[in-house]
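Trainee: Could you take me through one part of this model closely, namely the enclosed space inside it and what surrounds that space? I would like a connected account that I can follow residue by residue.

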Amino acid sequence: MELPALSLADVQARLRAKEVSPAEVLRALDARIGQVDPQIHGYLSRDLDAALACAEKADVSLPLGGVPIAIKDVINVNGEPCTAASKILQGYRANYDATVIRKLRAAGAIPFGRCNLDEFAMGSSTENSAFGHTRNPWDTSRIPGGSSGGSAAVVAANEAFAALGSDTGGSIRQPAALCGIVGLKPTYGRVSRFGLIAFASSLDQIGPFTKTVRDAALVLNAIAGRDPQDSTSLDEPVPDHTALLGRDLHGVRLGMPREYFIEGLDPQVDAAVRAAVKHYESLGAEIVEVSLPNTEHAVGVYYIIATAEASANLARFDGVRYGHRAADATGLLDHYGRTREEGFGPEVKRRIILGTYVLSSGYYDAFYLRAQKVRTLIRRDFSEAFEKVDAIICPTSPEVAFKAGDRSDDPLKMYLADIFTIATNLAGIPGLSIPCGFAEVDGRKLPIGLQLLGKPFQESQLLQIAHAYEQSTDWHKARPALV
Amino acid sequence: MSAKFDVRYTAQLARLHLSEEEIAKFQTQISQILAYVEKLEQVDVTGIEPTAHANAIFNVFREDTPRDWFTAEEALSNAPRSANQLFIVPKVIE
């Protein structure tokens with residue numbers, strides 16, 4: 001097998017055994033990117049020389065020793081650009097490492113390559129990037145999902161062994177599902193966001209994209225833990241997330257939420273997820289029907305809370321300390337107004353305005369406060385369900401990858417793509433997506449994702465449940481046929 | 001409620017200039033989104049506390065001790081305009 005096609009664990013084993021050097025791995029990956037990325041556009045930039053300098057010093061005896069990891073272009077890596085796929089940050093260069101990068105380096109990994117995304121992580125298709133959209137490796141006329149579409153596509157196309165993304169309303173799980181790989185959103189507070197460009201601070205969480213469940217556990221081991229520089233990160237002990245992998249599922253109870261198997265769910269997605277549920281039964285898990293009655297309100301709550309927080313977070317882009325600055329402003333208001341007009345793309349502007357509106361005087365109670373109360377009900381739904389079950393099993397996305405351009409001018413329709421992933425962030429619980437089959441559309445095979453949602457800080461058990469399915473099926477071995 | 005949504009006024013609050021074309025488009029699109037989120041009015045939230053954060057943690061304190069971080073040069077390295085170790089801002093007071 002060619003080096004870039006290996007899993008993270010396999011390439012690390014070869015590095016550790018000194019069968020291959022970190023520099024050789026990097027050069028092989030760089031060649032693969034050069035070969036296939038013109039079709040995918042998963043990367044916005046990469047700095048081979050900087051990575052090779054890290055490779056020289058890499059300690060291959062560390063858990064991720066010598067392994068290159070791709071980074072969503074919204075996480076700061078010292079000396080590299082960090083554009084958030086926005087013109088407002090074109091030319092910006094980070095002069096510090098985000099905590100997750102510092103931790104990856106401490107585990108021996110080499111950050112390599114900056115992944116494309118929807119501008120400021122706002123979107124579900126990666127079409128909102130100011131620097132061109134990413135294509136789905138399974139069918140390049142289709143979108144890879146979003147907002148971390150670049151991170152998902154490069155892992156699926158064997159242009160990365162693993163990638164980091166961020167998930168505010170599904171931005172790791174939905175693109176992982178649409179690209180046929182593993183994507184994990186940890187519990188809110190599990191991973192530090194210091195150095196992540198903030199979108200919606202009460203929802204954002206960083207997590208891995210990988211080819212296997214074991215690889216996701218390995219990356220989570222490296223990045224998890226309390227960080228004094230992110231006061232929302234929690235002081236929970238970090239277990240070895242690989243410890244439960246391989247244990248059987250006897251006694252494990254999985255809940256099927258009836259609100260997630262609804263009209264509008266693609267019949268091929270419905271069939272694949274139901275087959276996965278049957279498979280879990282054959283593995284010894286007990287399946288229980290559960291109800292999350294406030295599911296239908298999640299998208300509405302999300303688009304109030306997330307845009308409100310975004311409108312505040314994005315106020316920092318004022319053309320003074322970093323980023324784009326409008327030329328020849330006639331005064332302060334003209335300076336702000338035109339700097340932001342020229343720097344932000346349409347979806348970001350739309351969300352800033354929506355968020356500003358729901359926080360504005362006279363509307364705060366009706367929109368923002370009410371949304372926060374409904375958020376309480378959504379959280380309560382999950383706590384009640386988790387009294388009966390260990391994890392929830394459902395589709396990641398109601399559909400497979402759609403055609404590029406299909407809904408770029410219908411924001412509300414685009415928002416509904418996140419209908420099954422958003423509630424997780426509102427509740428703060430962990431969730432992951434694993435491949436569970438393919439749909440046949442116009443003669444093409446398109447991946448389907450199975451979503452598993454767990455109790456706070458129970459990522460280990462979630463990974464155990466995912467691993468049992470993965471190891472008894474072949475879906476994760478399929479790769480798109482790129483030249 | 002969304003009948004009162006005025007994109008021009010809200011954009012002004014957000015310190016964001018918009019083109020006439022954007023104003024027309026956003027007025028329609030955001031009104032549609034607001035009509036959708038107004039479904040939340042039907043939810044009974046009597047006696048329900050709001051959730052601001054997924055984890056119920058409140059103030060987190062640390063000792064206020066100095067430590068090394070950016071030098072002035074590093075802090076200014078991405079500034080569109082700077083001079084004499086300062087950010088240059090537009091004239092604020094006439």
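Mentor: The largest cavity in this predicted model has a volume of about 50 Å³, and five cavities of 30 Å³ or more are counted in total. Its lining begins, in sequence order, with Ala121(A), Gly123(A) and Ser124(A), continues with Gly169(A), Gly170(A), Ser171(A) and Phe199(A), and is completed by Tyr302(A), Tyr303(A), Arg351(A) and Asp418(A). Sorted by class, these lining residues are four nonpolar, five polar and two charged. Because domain 1 (3–247) and domain 2 (295–374) of chain A both contribute residues to this lining, the largest cavity lies between the two domains.

Ala121(A), one of the residues that line the largest cavity, deserves a separate look, for its phi is near 65 degrees, a positive value in a residue that is not glycine. Most residues other than glycine have a negative phi, and most peptide bonds are trans. Ala121(A) sits in the loop between strand 3 and helix 5 of chain A, and with a relative accessible area of 5% it counts as buried, because the cut-off for that class is under 20%.

The loop that holds Ala121(A) also holds Ser147(A), since strand 3 spans 110–115 and helix 5 spans 149–156 of chain A. Ser147(A) is joined to Gly146(A) by a cis peptide bond, with omega at about 10 degrees. A further backbone feature of chain A is found at Ala85(A), which has a positive phi of about 55 degrees although it is not a glycine. The loop that contains Ala85(A) runs between strand 2 (68–72) and helix 4 (99–106) of chain A, and the residue is buried, because its relative accessibility is 0%.

From the enclosed space we can turn to the open ones. The largest pocket has a volume of about 630 Å³, and of the 25 residues that line it, Asn76(A), Tyr96(A), Leu196(A), Arg316(A) and Tyr322(A) are the closest to its centre. The lining of the largest pocket is made up of 13 nonpolar, six polar and six charged residues, and at least three residues come from each of domain 1 (3–247) and domain 2 (295–374) of chain A.

The second largest pocket holds about 370 Å³ of space. Its lining has 22 residues, and those nearest its centre are Asn128(A), Pro346(A), Glu347(A), Arg350(A) and Ser408(A). By class, that lining divides into six nonpolar, six polar and 10 charged residues. Since domain 1 (3–247) and domain 2 (295–374) of chain A both give residues to the lining, the second largest pocket lies between them, as the largest cavity does by its own lining.

Chain B also takes part in the second largest pocket. Helix 11 (346–359) and helix 13 (411–415) of chain A, and helix 2 (20–37) of chain B, each supply at least two residues to the lining; helix 2 of chain B gives the most, with four residues. The chain to which this helix belongs has three helices and two strands, arranged from the N terminus as α-α-α-β-β. The radius of gyration of chain B is 22 Å, whereas a compact globule of 94 residues would have one near 12 Å, and its C-alpha atoms fill a box of roughly 55 × 45 × 25 Å along the principal axes. Of the 94 residues in chain B, 32% are buried.

Finally, helix 7 of chain A shows what enclosure looks like for a whole element. Nine of the 11 residues of helix 7 (residues 213–223) are buried, so this helix is largely enclosed by the rest of the structure. The buried residues are Val213(A), Asp215(A), Ala216(A), Ala217(A), Leu218(A), Val219(A), Leu220(A), Ala222(A) and Ile223(A). At the start of helix 7 of chain A, a side-chain oxygen of Thr212(A) comes to within 3.0 Å of the backbone nitrogen of Asp215(A), and just after the helix, Gly225(A) has a positive phi of about 125 degrees.

Methods
Residues numbered from 1 in each chain as written. Chains lettered and ligands numbered in written order. Predicted model: local features only at pLDDT ≥ 70, side-chain atom pairs only at ≥ 80, totals over all residues. Heavy atoms only, no water. 1 Å grid on protein atoms, 1.4 Å probe; cavity = no way out; pocket = protein on both sides within 12 Å on 5 of 7 lines; lining within 4 Å. Points joined across faces, edges and corners; volume = space filled by probe spheres on them. Nonpolar A, V, L, I, M, F, W, Y, C, P; charged D, E, K, R; others polar. Domains from an automatic or database assignment. Buried < 20%, exposed > 50% of the residue type's maximum accessible area, 1.4 Å probe, protein only. Polar contact = N/O pair within 3.5 Å; in protein donor to acceptor, adjacent residues only side chain to side chain. Rg over C-alpha atoms; globule rule 2.2 N^0.38 Å.
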